[in-house]
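Reader: I am new to this structure. Please show me how to read it, one feature at a time.

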Amino acid sequence: MSVEAISRHPIPAGFENALVKPEDYARLYAESMNDPDGFWGREGKRLDWITPYSKVKNTDFTMGKVSIKWFEDGVLNVAVNCIDRHLPTRANQTAIIFEPDDPNQPARHISYAELSDKVNRFANVLLSQGVMRGDRVVIYLPMIPEAAYAMLACARIGAIHSVVFAGFSPDALANRINDSGAKVVITCDTAPRGGRRTPLKSNTDAALLHCSDKVRCLVVKHTGDQTTWIQGRDVDVLAQMEEVAPDCPPRPMNAEDPLFILYTSGSTGKPKGVVHTSGGYLCYAAMTHELVFDYHEGDVYWCTADVGWVTGHSYIVYGPLANGATTLMFEGVPSYPDAGRFWAVCEKHKVNQFYTAPTAIRSLMGQGPEWVEKYDLSSLRVLGTVGEPINPEAWVWYDHHVGKGRCPIVDTFWQTETGGHMITSLPGAIETKPGSATLPFFGVKPVVLDPSSAEVQEGNGVEGVLCFSDSWPGQMRTIWGDHPRFMETYFQQYPGNYFTGDGCRRDADGYYWITGRVDDVINVSGHRMGTAEVESALVAHEKVAEAAVVGYPHNLKGQGIYAYVTLMNGIEPTDELRKELEAWVRTEIGPIAKPDLIQWAPGLPKTRSGKIMRRILRKIAENDFGALGDTSTLSDPAVVDELIANRQNHG
Ligand code: WT7
C-alpha cells in the first residue's frame, strides 16, 4: 500500500461553513453519548409532529426481551414530512430530477408541488384498491419517479411498502409478496436499462402464479411496451391517477408504526424482512443525509444506488426529501452509452454531492481517467462511498480524478438493518484516511469484541468483530413476523450488543477499518448475498446433488461467488451444464446471484458428523491453500487435494 494511502487527508479548503465543524464533532458526540434523551429529543424536532413525543428513548438489548422504541408516543406522517411541510416555501423547487436511461430523452424536473399532486393521487388509487393502514404493498419498479411516488403514497395512507429490486427474479418477487402478505404489487410494463429492456410486468405475471389470487397488480405504463393484461386484476395506475381526487388526507401514524419492510440476505435461511418504523427512521435518515453530505439549501444531490436497496430508501427518497432537497434519480447504468455517463450527468445537472459504490469506482477507473476529464465537475463538493470496504487505490483515484483533491470523501459504513450511516466521515469535521470509514456518527456506540471470548477490546490498535452496544433511532425494530429470529440473529452471539456481522480494526487514532463480513454473507458489488441462498438455488436443480458457495476476492466486484457443485450420480460435468446452472441461478434469484466460478466437486470436505468445512473451501477459493489449517477432523482428507488440484483459476 502506498504511503499516501495510509496517510491522513486534511479537510479541503472551503469547508469553513460546514454544518459540523471540527470543534463540534467531539462535543456533539460526547453529548449524544452522555445524554441520549436530550440529544435525540432535540434532533427529533427536525420533523413535524402531529402530536409531539413526550418520551425519547426506550430500548433494551437484553437477549430474550429485545425491544426498540424511539419517540414512542409521537404521532406524525412521513409523507407530510417529505412533502407537505415544504410546500409553503419550496412548491416550485425541484424535488426530484429524473435522468432517463437514454441520454437523448429529456430529463424531468419534478417540483415539490408536482410531487405532492402525484403522491396524493397515487395514494387515492391505493385507497380505491382497498389498501388500508398497515396493509403491505410490494413495489417492483425500476429507478423512475413513480417508485418514489409509490413509496410516499404508502406512507401517506399508513400502508407498509416493501420494495423489491427490479433485478430480482419472479421467484424472489413471489417469495417477498407471500412473506409480507402483500395485497398489492406495483410494477411497470418494461424497464429500460443500459439500452435494454427488462420485462417487469411479465416477471410479475410469473410471480403472481405463485401468490394469492387476491393480489392486485398496479401497472405503471412507463415505456408503452405491450404486456399481457388480466382484467379485474391489473390496474393502469397512471390512468387511475387522472380519475381520482387530487387530495388525500394524510393518516396520522404512531412513531413506531412500520414504514417499510426490506428483504435482505443473512447467513442462513430465506431473506429476512427488515422492519423500519416511522419517527426514528426518518429523523435518522434526515439528519445523516444533511450532516454527512453537508447538504445546504439549493444543492443538487445524487445517490446512484437503486431504490430497491436501503441506500435508495434512506438516501434517494426519505432523507433528502425530508430535508427539502433536490434529489436525482438515474434510470441507467454507469457504462451506457459510455463510461463517461456518471460524469456527463454530474456536469449536466451541476451535481454538488455525489454518492456511489466502490465497485462502480473500480470499474470506471479501469476505463481510464479520460472519461472523467472530458467533463466539467467543478460543481462537486462532497463525494461519498458505500456498500463495501473501498480499496485505497480506488479511494485515491476518486479523490484525484473526480474530486480533483477539493472534495472530502465520506466513506459511509452502515447496513440495511441500521437504517442510516453508522461509521462515517463528516466533510468539514473529520480528516480522512483512504479505506477507513473513520469515526462513529452521533449517538452510535461501536464496540470491538474478541470473536471467541466476546471480550470488549478496549483502547486503540485493536481488532475483532464490530458491535453496537446501544440503540440509535434508525435501527431496525424486528424481522417481519419473526421477532425471535431478530433476537437470535443480532443479539444472541454477543449478549447486550447488536452484532453487525462485520469484522473491524480500530487503529492507533481510533479510526475504524471495516474488514468485511465474518459470517456466511458475501458482498458482491456492494450487494449482499447469502451463500445459503445460492446453495439452495443450486441444489434445486435436478442434476445437482450438493453445493457449497463461498466468496473470493474479485477485482471489480469486491467479492465474487465461487460455487463447488457435486453432481448427481452419472451426470457428466460439461461446459453446457455449467452455463445451464448459471442461467438457473439467474432465474431462481436474479443476475446478481450468478456464480462467477463453478468448480465440479466429486466430494466436499466434511467433518465426521457431516458438516461442510467452509473454512477450507474459502481458502481454496481464495488460492490460499498454503494455510488450510487443521484438516485432521475431516472424514476424507483426500477430497481436499482433489479440490486444490481442480480449483478454478482467477489470477
Ligand atoms: C454490509 C451491509 C447500507 C449500505 C449498502 C449495503 C458492507 C457497507 C460499507 C463501508 C465497508 C461496508 C458491510 C455491511 N458495507 N458499507 N462503507 N465499508 N463495508 O447494505 O446490503 O445491508 O450490506 O455492507 O459488510 O455489513 P447491506
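Author: Start with one residue. Thr 424 touches Val 292, Val 410, Asp 411, Thr 412, Ile 430, Ala 437, Thr 438, Leu 439 and Phe 441, leaving out residues up to four places away in sequence. Keep in mind that this is a predicted model.

Reader: Where is Thr 424 placed?

Author: Look in the loop between strand S20 (409–412) and strand S21 (446–449).

Reader: Is Thr 424 buried or exposed?

Author: Residues under 20% relative accessible area count as buried. Thr 424 has 1% relative accessibility, so it counts as buried.

Reader: Now the whole protein. How many helices and strands does the protein have?

Author: The secondary structure comes to 21 helices and 30 strands. The radius of gyration is 24 Å, and the globule rule gives 26 Å for 651 residues; the two are close, so the protein is as compact as a globular protein of that length. Along the principal axes, the C-alpha atoms fill a box of roughly 75 × 65 × 55 Å.

Reader: What percentage of the residues is buried?

Author: Buried residues make up 59% of the 651. Contacts add to the picture. Take those with a separation of 6 or more: 72% of them join residues 24 or more positions apart.

Reader: What about the surface and the charges?

Author: The accessible surface comes to about 24,200 Å², and 50% of it belongs to carbon and sulfur atoms. There are 61 positive and 79 negative side chains. The centres of these two sets lie 3 Å apart.

Reader: How do I read a pair of aromatic rings?

Author: Use the distance of the centres and the angle of the planes. The whole structure holds 41 aromatic pairs. In one of them, the rings of Trp 70 and Phe 71 have centres 6.3 Å apart and planes at 55°, so this pair is tilted. Trp 70 is buried, at 0% relative accessibility. Phe 71 is also buried, at 0%.

Reader: Which cluster do Trp 70 and Phe 71 belong to?

Author: Ring pairs link them into a cluster with Tyr 25, Tyr 29, Phe 39, Trp 40, Trp 49, Tyr 53, Tyr 284, Phe 441 and Phe 442. Phe 441 has come up before, as a residue that Thr 424 touches.

Reader: Please take another pair. Why is the pair of Tyr 552 and Tyr 562 called edge-to-face?

Author: Planes over 60 degrees apart count as edge-to-face. The planes of Tyr 552 and Tyr 562 are at 85°, with ring centres 5.9 Å apart, so the pair is edge-to-face. Tyr 552 lies in strand S28 and Tyr 562 in strand S29, so the pair ties together parts ten residues apart in sequence. Tyr 552 is buried, at 4% relative accessibility. Tyr 562 is buried too, at 0%.

Reader: What does helix H18 pack against?

Author: First find its buried residues. In H18 (residues 531–539) they are Thr 531, Glu 533, Val 534, Glu 535, Ala 537 and Leu 538. These pack against strands S26 (521–524), S27 (527–530), S28 (544–554) and S29 (558–567), and against helices H19 (575–588) and H20 (614–621).

Reader: Which residue should I follow in H19?

Author: Try Val 585, which is found in helix H19. Val 585 is buried, with 0% relative accessibility. Beyond neighbours within four places in sequence, Val 585 is in contact with Val 534, Leu 538, Gly 590, Ala 593, Lys 594 and Pro 595. Val 534 and Leu 538 are among the buried residues of H18.

Reader: How many residues separate Val 585 from Ser 536 in sequence?

Author: They are 49 residues apart in sequence. In space, C-alpha to C-alpha, Val 585 and Ser 536 are 9.5 Å apart.

Notes: Residues numbered from 1 in each chain as written. Predicted model: local features only at pLDDT ≥ 70, side-chain atom pairs only at ≥ 80, totals over all residues. Heavy atoms only, no water. Helix = DSSP H or I, 4+ residues; strand = E, 2+ residues; numbered from the N terminus. Rg over C-alpha atoms; globule rule 2.2 N^0.38 Å. Buried < 20%, exposed > 50% of the residue type's maximum accessible area, 1.4 Å probe, protein only. Contact = heavy atoms within 4.5 Å. Areas by Shrake-Rupley, 256 points an atom, 1.4 Å probe, with all protein chains shown as cover. Lys, Arg positive; Asp, Glu negative; His and termini not counted. Charge placed at Lys NZ, Arg CZ, Asp CG, Glu CD. Phe/Tyr/Trp six-rings, centres within 6.5 Å; stacked < 30°, edge-to-face > 60°.
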